[in-house]
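I opened my notebook for this one with a short list of things to look up. Here are my entries, in the order I made them.

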Amino acid sequence: MPTSRIITITWEVTASGGYETAWAELGGDALRARGRAVGTLPEPYWITYELVTGGGFVTRRLRVTAEDASGSRSLDLRHDVRGGWTADGERLDGLDGALDCDLGLCPLTNTMPVLRHGLHRAPGEREFLMAWVSVPDLAVRPSRQTYTHLGPRRVRYASGDFRSDLALDEDGFVVDYPRLARRLGSGAGGPSAR
């Protein structure tokens, strides 16, 4: 990854009654991240994930582990360069043409489509098909989503009947996602030298 920097972000995830921290490496037109989340709704759970994108912020791989009262489960979600998706090696139907994953209740995964199209900086509206991963069960489903530029660092997210106006930072990471999460800390999202 050319000239990358590590950005550490912690969110209070109000929708899950928990928190998430992500360590994101941003460089060129690619993103690598690892994160951990804890939720208490509808019941206590832990999530650990690793995300890798290729050029154009297109998802290449998302590995997730979830733990709750029923035990531990994992998911290895992969996107090939031809537009196909697999979960733990099994081909997934209904996702052809999707470029992004969307990990449920994870504000980090809103970043890729925003950065790819510069929607935090310039006018535009884009519709996407996403590989949506629900938590904590880690089921993968197709999800149609729309992102609309509202102004500098403001983007409207819509999926089905749900709408939320996101506040983003200069790098395209979520600062405030009403009804889902908000960033914590005065220096939140500041880059760390690498």
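**Pockets**

I began with the largest pocket, which holds about 240 Å³ of space. I kept in mind that this is a predicted model.

Which residues sit nearest the centre of the largest pocket? I found Leu105, Trp132, Tyr157, Tyr177 and Leu180 there, out of 16 lining residues. Looking at the strands, I noted that β9 (100-103) and β12 (154-159) each supply at least two residues of this lining. I also sorted the lining of the largest pocket by class and got 10 nonpolar, four polar and two charged residues.

Next I turned to the second largest pocket, with a volume of about 150 Å³. I wrote down its lining: Ile6, Trp23, Glu25, Arg32, Ala33, Arg34, Glu50, Leu51 and Val52. The elements that give two or more residues to this lining are β2, β3 and β4. By class, I have five nonpolar and four charged residues for the second largest pocket, with no polar ones.

**Cavity**

How many cavities of 30 Å³ or more are there? I get a count of one. The largest cavity encloses about 80 Å³ of space. Its lining has 14 residues, and I listed Glu20, Ala37, Tyr45, Gly104 and Leu105 as the closest to the centre. I had already met Leu105 near the centre of the largest pocket.

For the elements, I noted that β2 (18-27), β3 (30-39) and β4 (45-53) give two or more residues each to the cavity lining. β4 gives the most, with three residues. By class, the lining of the largest cavity has 11 nonpolar, two polar and one charged residues.

**Salt bridges**

I then looked up the charged pairs. As a reminder to myself, side chains of opposite charge can pair when their charged atoms come close. The structure holds 13 salt bridges, and I went through some of them.

My entry on Glu12 has it in a salt bridge with Arg182, with 2.9 Å between the closest N and O atoms. This pair links distant parts of the chain, since Glu12 is in strand β1 (residues 5-13) and Arg182 in strand β15 (residues 181-183), 170 residues apart. I marked Arg182 as partly exposed because its relative accessibility is 40%.

My next pair was Arg153 and Glu170, whose side chains meet in a salt bridge at 2.5 Å, N to O. Arg153 lies in the loop between β11 (140-151) and β12, and Glu170 in the loop between β13 (162-168) and β14 (174-177), so the pair ties together parts that are 17 residues apart in sequence. Arg153 counts as partly exposed at 36% relative accessibility, and Glu170 is also partly exposed, at 46%.

Arg183 and Asp169 came after that, with their side chains meeting in a salt bridge at 3.0 Å, N to O. Arg183 is in strand β15 and Asp169 in the loop between β13 and β14, so I logged the pair as linking distant parts of the chain, 14 residues apart. Are these two residues buried or exposed? Arg183 is buried, with a relative accessible area of 12%, and Asp169 counts as buried at 12% relative accessibility.

I also noted a network in which salt bridges that share partners join Arg61, Asp76 and Arg78.

**Phe173**

Where is Phe173? I placed Phe173 in the loop between β13 and β14. Its relative accessibility is 0%, so I put Phe173 down as buried.

I then looked up what Phe173 touches, not counting residues up to four places away in sequence. My list reads Ile7, Ile9, Ala24, Leu26, Leu31, Leu108, Thr111, Ala167, Leu168 and Arg183. Arg183 is familiar from the salt bridge with Asp169. I also checked Leu119, which is 54 residues from Phe173 along the chain, and found their C-alpha atoms separated by 12 Å.

**Asp68**

My last entry is on Asp68, which lies in strand β5 (residues 59-68). Why do I call Asp68 buried? Its relative accessibility is 17%, and buried means under 20%, so Asp68 counts as buried.

The side chains of Asp68 and Arg73 are joined by a polar contact of 3.0 Å. Leaving aside neighbours within four places in sequence, I listed Pro44, Tyr45, Arg73 and Pro136 as the contacts of Asp68. Tyr45 was already in my notes, among the residues closest to the centre of the largest cavity.

Technical notes: Residues are numbered from 1 along each chain as its sequence is written. This is a predicted model: local features need pLDDT of at least 70, side-chain atom pairs count only at pLDDT 80 or more; totals for chains, interfaces and linings use all residues. Side-chain values use heavy atoms; hydrogens and water are left out. Helices (H or I, at least four residues) and strands (E, at least two) are DSSP runs, numbered from the N terminus. Buried means under 20% relative accessible area, exposed over 50%, partly exposed in between (1.4 Å probe, protein chains only). A polar contact is a pair of N or O atoms within 3.5 Å; within protein, one must be able to donate a hydrogen and the other to accept it, and residues adjacent in sequence count only if both atoms are side-chain atoms. Contact means heavy atoms within 4.5 Å. On a 1 Å grid over the protein atoms alone, a cavity is a set of points where a 1.4 Å probe fits but cannot get out, and a pocket is an open set with protein on both sides within 12 Å along at least five of seven lines; lining residues have an atom within 4 Å of a point. Grid points are joined across faces, edges and corners, and a volume is the space filled by probe spheres set on the points. Ala, Val, Leu, Ile, Met, Phe, Trp, Tyr, Cys and Pro count as nonpolar, Asp, Glu, Lys and Arg as charged, and the others, Gly among them, as polar. A salt bridge is a side-chain nitrogen of Lys or Arg within 4 Å of a carboxyl oxygen of Asp or Glu.
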